[in-house]
Each structure stands twice: as C-alpha cells, then as structure tokens.
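Q: Could you walk me through how the inside of this protein is packed?

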Amino acid sequence: MTQDLEKLANSAKERGRPFRVLIVDDESWVRDVFKDFCDITRAFDIDLAGSGTEAIALVEDNAYDLITMDLIMPEMSGLDALEEIKKR
C-alpha cells in the first residue's frame with residue numbers, strides 16, 4: 001500500500017496540484033473515515049458534504065477529479081444528486 005500512496009503523491013506532484021475529491025455521505029463517521037484515508041498522503045484536497053443538496057452547491061463552485069456519493073440519504077438520494085450534477 002505504501003508504494004500505491006507514493007504513486008498517488010507523485011502523480012499529484014507531477015500535475016502540479018492535488019487531486020480534488022468530494023466525499024458525500026449523511027453519516028459523519030463515513031466522511032471522516034474517507035477523509036482520514038485521503039489525508040495519509042498530500043495527494044488529495046478534500047471537501048465534505050453531508051447531503052446531496054450540499055454536494056450540488058459545492059460542485060457548482062468547484063471542479064472535482066472524484067466524487068464519492070452515498071446512494072441512500074434522507075433528503076436527496078445520491079443518484080438524484082448525481083443526476084442533478086450531470087445537468088450542470
């Protein structure tokens with residue numbers, strides 16, 4: 001795993017900026033676990049959202065390389081949020 005993390009860090013360094021990642025989940029502990037893993041290396045710049053609506057607002061103002069999305073959330077499902085994001 002260390003070699004993979006080094007590859008990610010080197011890739012981010014070569015591109016001149018970290019990979020932008022949005023983690024969307026209504027459970028804060030899930031967001032924290034994903035963020036803690038990403039913080040192992042400086043290859044990621046992380047934003048967190050607790051709902052699909054919050055994710056849509058963040059996507060309007062930011063460009064992400066990767067979005068992880070919980071599919072089952074109370075306010076708006078992850079699939080509905082992704083459909084809305086694709087429209088923009």
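What follows is a short exchange about the nonpolar cores, one helix and one aspartate of this predicted model.

Q: Which residues make up the largest nonpolar core?
A: In this predicted model, the largest nonpolar core has 11 residues, namely L22, V24, A49, A55, I56, V59, Y64, M69, M73, A81 and I85.

Q: And which elements each supply at least two residues of this core?
A: Those are β1 (19–24), α3 (52–61) and α4 (78–87), and the largest share, three residues, comes from α3.

Q: What does A55 touch, leaving aside residues up to four places away in sequence?
A: With those set aside, A55 touches L22, V24, A49 and M69.

Q: Which residues are in the other core?
A: Another core, of eight residues, lies apart from the largest one, and A12, I23, C38 and I46 are among them.

Q: Back to α3, then: which of its residues are buried?
A: The buried residues of α3 are G52, A55, I56 and V59; because they cover an arc of only 100° around the axis, they lie on the same side of α3.

Q: What covers them?
A: The cover over the buried residues of α3 includes β1, β2, β3 (66–69) and α4.

Q: Different topic: where is D47 found, and what polar contact does its side chain make?
A: D47 belongs to strand β2, which spans residues 44–49, and its side chain makes a polar contact with the side chain of Y64 at 2.6 Å. Not counting residues up to four places away in sequence, D47 touches R20, V21, L22, I23, N62 and Y64, and of these L22 and Y64 also appear in the largest nonpolar core.

Notes: Residues numbered from 1 in each chain as written. Predicted model: local features only at pLDDT ≥ 70, side-chain atom pairs only at ≥ 80, totals over all residues. Heavy atoms only, no water. Core = buried A, V, L, I, M, F, W, Y, C linked by side-chain atoms within 4.5 Å. Buried < 20%, exposed > 50% of the residue type's maximum accessible area, 1.4 Å probe, protein only. Helix = DSSP H or I, 4+ residues; strand = E, 2+ residues; numbered from the N terminus. Contact = heavy atoms within 4.5 Å. Polar contact = N/O pair within 3.5 Å; in protein donor to acceptor, adjacent residues only side chain to side chain. Arc of directions from axis to C-beta.
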